[in-house]
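Dear colleague,

Please find below the structure I agreed to pass on to you. My findings follow directly after it.

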Amino acid sequence: MKYKVHKFEINMEHDAARLEQFLNSLKGEVVSVVPNVKKTTLAQIYGVSRKIDFLLIIEKII
């Protein structure tokens, strides 16, 4: 089996449709979606800054 890892830059509040389109365009099977969570800062607590920069999407090539 072969796997491919995709890095998907995302803004969780605005990119749901873009993520859906990306996932539907994959040829293989999605094994896992791993978010990159930043270290918590004061700006994140008050909602000024994002907590998740990107997603790693692991695809099993069929």
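Strands S2 and S3 are paired in the antiparallel sense, with seven bridges between them. Please bear in mind throughout that this is a predicted model. The pairing belongs to an open sheet of three strands, arranged in the order S1-S3-S2 and antiparallel. S1 and S2 each have a single partner strand and stand at the edges, so one side of each is left without a neighbour in the sheet. On average, and with direction ignored, neighbouring strands of this sheet are turned by 20° against each other.

Ser-32 offers a convenient view of the pairing between S2 and S3. This residue is found in strand S2, and its bridge partner in S3 is Ile-58. Apart from residues up to four places away in sequence, Ser-32 touches Leu-56, Ile-57 and Ile-58. The C-alpha atoms of Ser-32 and Glu-59 are separated by 7.4 Å, although the two residues are 27 residues apart along the chain. Ser-32 counts as partly exposed because its relative accessibility is 27%, which falls between the limits of 20% and 50%.

A salt bridge also links these two strands. Glu-29 and Lys-60 form this bridge, their closest N and O atoms being 3.9 Å apart. Glu-29 lies in strand S2 (residues 29-37) and Lys-60 in strand S3 (residues 52-61), so the pair ties together parts that are 31 residues apart in sequence. Glu-29 is partly exposed, with a relative accessible area of 43%.

The structure holds three salt bridges, and the other two are as follows. One joins the side chains of Lys-7 and Glu-9, at 3.6 Å from N to O. Of this pair, Lys-7 is exposed, at a relative accessible area of 54%, whereas Glu-9 is partly exposed, at 44%. The other is formed by Arg-18 with Asp-15, where the closest N and O atoms are 3.4 Å apart. Arg-18 is partly exposed, with a relative accessible area of 40%.

Is Asp-15 itself buried or exposed? Asp-15 counts as buried because its relative accessibility is 15%, and the limit for a buried residue is under 20%. Its place is in the loop between strand S1 (2-9) and helix H1 (16-25). With neighbours within four places in sequence left aside, Asp-15 is in contact with Glu-9 and Ile-10. Glu-9 is thus a contact of Asp-15 as well as the salt-bridge partner of Lys-7.

Turning to the helix and the core, H1 lies across S1, S2 and S3 and runs at about 165° to S1. Which residues make up the largest nonpolar core? There are seven: Phe-8, Ile-10, Leu-19, Leu-26, Ile-52, Leu-55 and Ile-57. S3 gives the most to this core, with three residues. Leu-19 touches several other core members: when residues up to four places away in sequence are not counted, its contacts are Phe-8, Ile-10, Leu-55 and Ile-57. Two residues of the core also appear in the contacts described earlier, as Ile-10 is in contact with Asp-15 and Ile-57 is touched by Ser-32.

With kind regards

Note on methods
Residues numbered from 1 in each chain as written. Predicted model: local features only at pLDDT ≥ 70, side-chain atom pairs only at ≥ 80, totals over all residues. Heavy atoms only, no water. Helix = DSSP H or I, 4+ residues; strand = E, 2+ residues; numbered from the N terminus. Buried < 20%, exposed > 50% of the residue type's maximum accessible area, 1.4 Å probe, protein only. Contact = heavy atoms within 4.5 Å. Salt bridge = Lys/Arg side-chain N within 4 Å of Asp/Glu carboxyl O. Core = buried A, V, L, I, M, F, W, Y, C linked by side-chain atoms within 4.5 Å. Pairing = 2+ DSSP bridges. Axes fitted to C-alpha atoms, helices over the stretch in contact; angles between N-to-C directions.
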